[in-house]
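Here is a friendly walk through one protein model. Keep the picture open while you read.

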Amino acid sequence: MKLELKEINEAIKAISNSIDTGKWAEALLGSEMMLSELEKHELSKYSLHLFFNLAGQFIDAGTVLTNKEAVLTGIKILEEHEDHYKKHFQNQFLYNLANAKISIANDFGYKNSLLTYDDSKLYSEAKNLYWQGFKTINEQSNPSLYCQNLINLAGTLKQQYRFSEAMFIYEKIALTKLDYRDWE
């Protein structure tokens, strides 16, 4: 039996609720099930939107659960349909893809070894995506995404020992005068 796209959309909303309530394993399982269902449908603007939402859920749940395969699934979805997502979800696309790449490069915050070439490449790709976001995210229309992107960009620059650039970004963050606790 094949679920209709509308039913998949409802399930994706339920997965978002699982993420919002910290039920990460449940969210990942639901994401895997809905990906399997969604792959049965032809590509359309609506199904691509659903794939985009699923990619974010794979990245979020995979990062918290330190599940590299889940994060890689999210990256694969985003990169497979990159042209469409850049056109329709530009800033969210850049931010989600950068977060996924930095999560893997950082070994989900547990990096205890020297950087490999692949890690360095992921840091560079994430930095470039955050820079693109910095140039295109409108601070007035989406202050939360703007500031979170800046924080992640500064952190990535710092991890690459690019301290003067990181300080420049941290200064921009301070100038926003936004209260970080209110961004949620």
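What follows is a short tour of two helix residues and some aromatic rings in this predicted model.

## Asp119 in helix H6

Let's start with Asp119, which sits in helix H6, the stretch covering residues 117-136. Is Asp119 buried or exposed? Its relative accessibility is 8%, so Asp119 counts as buried, the cut-off being under 20%.

Who does Asp119 touch? If you skip residues up to four places away in sequence, Asp119 touches Ala105, Lys111 and Leu114.

## Ala154 in helix H7

Next up is Ala154, part of helix H7 (residues 143-159). Ala154 has 0% relative accessibility, so Ala154 is buried too.

Set aside the neighbours within four places in sequence, and Ala154 is in contact with Ala166, Ile169 and Tyr170. Now try finding Ser164: it lies 10 residues from Ala154 along the chain, and the C-alpha atoms of the two are 9.9 Å apart.

## Aromatic rings

How many aromatic pairs does the structure hold? There are 7 of them. One is the tilted pair of Tyr85 and Phe93, with 6.4 Å from centre to centre and 35° between the planes. Tyr85 and Phe93 are both buried, and ring pairs link them with Phe52 and Phe89 into a cluster.

Another pair is Tyr161 with Phe163, this one edge-to-face: the centres are 5.8 Å apart and the planes make an angle of 85°. Tyr161 counts as exposed because its relative accessibility is 66%, while Phe163, at 44%, is partly exposed.

Terms used. Residues are numbered from 1 along each chain as its sequence is written. This is a predicted model: local features need pLDDT of at least 70, side-chain atom pairs count only at pLDDT 80 or more; totals for chains, interfaces and linings use all residues. Side-chain values use heavy atoms; hydrogens and water are left out. Helices (H or I, at least four residues) and strands (E, at least two) are DSSP runs, numbered from the N terminus. Buried means under 20% relative accessible area, exposed over 50%, partly exposed in between (1.4 Å probe, protein chains only). Contact means heavy atoms within 4.5 Å. Rings of Phe, Tyr and Trp (its six-membered ring) pair if their centres lie within 6.5 Å; planes under 30 degrees apart count as stacked, over 60 as edge-to-face and the rest as tilted.
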